[in-house]
Amino acid sequence: MTAEFFVVRGQVEKGDQRGRELGFPTANIALRDQDGQVGDGVWAGWAERADGTRIAAAVSVGRRPTYYGADGYRLVEAHLLDFAGDLYGEVLTVWLGHHLREQEAYPSSEALIAALNKDIANAAKWAVDHPAEDLPDAGDAGDGVVRRVSQLS
Ligand SMILES: Cc1cc2nc3c(=O)[nH]c(=O)nc-3n(C[C@H](O)[C@H](O)[C@H](O)COP(=O)(O)O)c2cc1C
């Protein structure tokens, strides 16, 4: 079987800090290819820190339509599961493994929070079945450029 992943590596930038207010801090990576190989959506995946530690993640690719309409710039936002810590400035590698849903413009922050809770539960389930040691090599995933990688298993 072949498993397809998207992978992107980039430096974690300061977001709007809204993620902390919502209770879901995210590591934001600017996408250099705004059109790119990967469309907007929400994914289950893994994030690898500079020290090689891998942490399961619920990942948003898009423009935060709840807050910015269609005008925002695209970014990758990874919420690392069961993680508390400062990632600003660190280079993070993010694998997108399983598409969970499309981006939505929610009517309220409360509605977004409810969706995020489901995303996190789904990402945790996916990660159990797709352990970090099975991830394909990220290769030379460039700064903010999403690449497709596959893994033969
Ligand atoms: C798993 C996940 C799913 C998300 N889904 C959406 C979405 O459907 N619509 C949306 O507007 N924003 C979505 N977001 C982005 C949030 O709006 C964003 O993380 C929040 O506004 C905090 O932004 P900040 O990090 O710049 O402070 C999602 C974020 C995550 C981590």
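This report describes a predicted model of a protein chain with a ligand.

Residues are numbered from 1 along each chain as its sequence is written. Because the model is predicted, local features need pLDDT of at least 70 and side-chain atom pairs count only at pLDDT 80 or more, while totals for chains, interfaces and linings use all residues.

**Confidence.** The pLDDT is the predictor's confidence in each residue, from 0 to 100. Its mean over the protein chain is 90, and 96% of the residues reach 70 or more. Among the elements (DSSP runs numbered from the N terminus, with helices of type H or I having at least four residues and strands, E, at least two), strand E7 (residues 147–152) has the lowest mean pLDDT, 81, and strand E3 (residues 41–48) the highest, 98.

**Strand E3 and its partners.** Seven of the eight residues of E3 are buried, so the strand is largely enclosed by the rest of the structure. A residue is buried if 20 or more other C-beta atoms, placed from the backbone, lie within 10 Å of its own, exposed if 12 or fewer, and partly exposed in between. Strands pair if DSSP finds at least two bridges between them. E3 pairs with E4 in the antiparallel sense over eight bridges, and with strand E6 (residues 91–101) in the antiparallel sense over seven. Gly41 stands opposite Val61 in E4, whereas Ala47 has Val94 in E6 as its bridge partner.

**The nonpolar core.** A nonpolar core is a set of buried Ala, Val, Leu, Ile, Met, Phe, Trp, Tyr and Cys residues joined through C-beta atoms within 7 Å. The largest one has 30 residues, and Ala57, Val59, Ala78 and Val94 have the most contacts inside it. E3, E4 and E6 are among the elements that each supply at least two residues of this core.

**Two loop residues.** Arg64 and Asp82 both have a positive phi without being glycine.

| Residue | Loop | Phi | C-beta atoms within 10 Å |
|---|---|---|---|
| Arg64 | between E4 and H2 | near 50° | 20, buried |
| Asp82 | between E5 and E6 | about 50° | 8, exposed |

**The ligand shell.** The ligand is surrounded by 25 residues (each with its C-beta atom, placed from the backbone, within 6 Å of the ligand); the closest are Gly15, Arg18, Gly19, Ser60 and Thr66. Helix H1 (18–22) and strand E4 (54–62) are among the elements giving two or more residues to this shell. The largest share, four residues, comes from H3.
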